[in-house]
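Visitor: I am new to this structure and should be grateful for a close look at a single part of it. Please begin with how the protein is laid out, and then take me into the interior and its surroundings.

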Amino acid sequence: MSQAKVLGIIGGGQLGSMLCQAAKKVNIKTVIYCDDKNAPAQNFSDQFINSSYENINKINEFSNLVDVVTFEFENIPVPTLEIIKKIKPVYPDPQVNFIIQNRSREKDFINKLGIKTVNYKNINSAEDLNQADQLVPGILKTTTLGYDGKGQVVINETDDLKKISFENEYILEEKIKLNKEISVIVTRYQNGECVLYDPIENIHHDQILDTSTVPAKVDGDIIRLSKDYAKTLATKLNYIGTMCVEYFINDQKELLVNEIAPRVHNSGHLTINAYNISQFESHVRAVCNLEKIEPKLKINAQMKNIIGEDIFKYREQKFKSNEYFFDYLKTEAKPKRKMGHLTTTQD
Ligand code: ADP
Ligand code: MG
């Protein structure tokens, strides 16, 4: 494919906003398509279309305005992406979403490559729930549509399993003791070449990301292995663009894949200030087929997420020259909602 000039982005949250800003930097025009009329990314895009993801006429109109399409969240209906794909290239390919939108399919895929995850069992019937004692204490997760800990229940004892009425397909994961959580951002270009960012160390509160720090304080073996796995996963998915692999390090210091995010990722926001090239610009470059740039860490950094009403005090605050405040410009501050972030570089 030749270089794209107009990038279509499905979804209009903060990731969409940051993708638009990165696109502007490399002279790419953006069109956002989002089902939320208040989507913050419209503040940064060249054009904004507000309609449902099932409105085929609007989806067609959007596809005809752009050269290439990407997305900022993974739960767009796969049939919608397939319709767009008939008109314009979609990166990453919708097939990636088909695998990753479903936690069971995703974990099966990872394990088939010989890459370890926590022990888990796919729960496809009430009977499966009765035969899952060996994974208790565990975490029962809906196979689809969970994020920021939504759709998850901790199962402390076997009796808790009996209380669950089987309504959805689930995955039951062994609840492991975490030594650390890290993530690796990888961007794969259209010629198959990958660039990798250094592992980022993540701390979650209430299952929501609280802080991310680069570089992660982990052994050299973990650094190498986490980057190798990220490259293998991107390659085996035939992925184009930026994705993130979230890892657990268990109390035996083993590296396990938690999940893959087929998009730019919250833990990678610090790349804007800490690297010569952000995860967003890498994504734009890969999907628009621009020249590859190798990411290099310029300065150590930490990012803190700003959740819910905490945003109001940040909006009043003055910042030091090594503090970078990002306000996502959301109209409502709901509890647990990501409203902004603050990156502090170690000057
Ligand atoms: P989400 O899609 O909501 O990000 P995750 O599966 O990544 O879901 O879970 C969110 C967080 O919950 C993880 O980052 C981790 O801190 C904790 N967690 C999830 N699964 C497990 C598990 N099997 N064992 C221990 N902690 C877990
Ligand atoms: Mg997660």
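**The layout and the interior**

Guide: In this predicted model, the centres of domain 2 and domain 3, taken over C-alpha atoms, are separated by 28 Å. Four residues from domain 2 and four residues from domain 3 make up the contact between them. The full division of the protein is into domain 1 (6-90), domain 2 (119-174) and domain 3 (178-346).

The interior may be approached through the largest nonpolar core, which has 41 residues. Leu 7, Ile 10, Ile 28, Phe 62, Val 284 and Cys 288 are the residues with the most contacts inside this core. Two or more residues come from each of the elements β1 (6-10), α1 (14-25), β2 (29-34), α2 (56-65), β4 (68-71), α3 (78-87) and α10 (279-287). The greatest contribution is that of α1, with six residues. Domain 1 (6-90) and domain 3 (178-346) each supply at least three residues to this core. There is also a second, separate core of 27 residues, and Leu 196, Ile 222, Ala 234 and Met 243 are among them.

The helix α2 merits particular attention. Its residues Ile 59, Phe 62 and Ser 63 are buried. Seen down the axis of α2, the buried residues fall within an arc of 100°, and therefore they line one face of the helix. On the face turned away from this buried side, α2 carries the exposed residues Asn 57 and Asn 64. The buried residues of α2 pack against β1, β2, β3 (47-50), β4 and α3. Phe 62, buried in α2, is also one of the residues with the most contacts inside the largest nonpolar core. At the start of α2, a side-chain oxygen of Asn 55 reaches to within 3.3 Å of the backbone nitrogen of Asn 57.

Beyond α3, the chain contains a cis peptide bond that joins Tyr 91 and Pro 92, with omega about -5°. Pro 92 is found in the loop between α3 and α4 (94-100). A further cis peptide bond runs from Val 136 to Pro 137, where omega is near 0°. The position of Pro 137 is in the loop between α6 (126-130) and β6. As general background, most peptide bonds are trans.

On the other side of β6 (138-142), the loop that leads to β7 (152-155) holds Thr 143. With 6% relative accessibility, Thr 143 counts as buried. Residues up to four places away in sequence aside, Thr 143 touches Gln 101, Asn 102, Arg 103, Ser 104, Glu 169, Tyr 170 and Ile 171.

The path now turns to domain 3 (178-346) and to the magnesium ion (ligand 2), whose protein donors are Glu 246 (OE) and Glu 259 (OE), lying 2.0 to 2.3 Å from the ion. Glu 246 belongs to strand β13 (residues 241-250) and Glu 259 to strand β14 (residues 255-261), so the pair ties together parts that are 13 residues apart in sequence. The two donors may be described in turn: Glu 246 counts as buried, at 13% relative accessibility, whereas Glu 259 counts as partly exposed, at 23% relative accessibility.

Strand β13 also contains Asn 250. Asn 250 counts as buried, at 8% relative accessibility. The side chain of Asn 250 reaches the backbone nitrogen of Gln 252 at 2.9 Å. Leaving aside residues up to four places away in sequence, Asn 250 touches Ile 176, Lys 177, Asn 179 and Leu 256.

Two backbone positions complete the account. Asn 289 lies in the loop between α10 and β15 (301-307), and its phi is near 60°, a positive value in a residue other than glycine. Asn 289 counts as partly exposed, at 23% relative accessibility. Leu 329 is placed in the loop between β16 (323-327) and β17 (338-345). The phi of Leu 329 is near 60°, again a positive value in a residue other than glycine. Leu 329 counts as partly exposed, at 39% relative accessibility. In general, most residues other than glycine have a negative phi.

Technical notes
Residues numbered from 1 in each chain as written. Chains lettered and ligands numbered in written order. Predicted model: local features only at pLDDT ≥ 70, side-chain atom pairs only at ≥ 80, totals over all residues. Heavy atoms only, no water. Donors = N, O, S within 2.8 Å, 3.2 Å for Na, K, Ca; no water. Helix = DSSP H or I, 4+ residues; strand = E, 2+ residues; numbered from the N terminus. Buried < 20%, exposed > 50% of the residue type's maximum accessible area, 1.4 Å probe, protein only. Core = buried A, V, L, I, M, F, W, Y, C linked by side-chain atoms within 4.5 Å. Domains from an automatic or database assignment. Arc of directions from axis to C-beta. Contact = heavy atoms within 4.5 Å. Polar contact = N/O pair within 3.5 Å; in protein donor to acceptor, adjacent residues only side chain to side chain.
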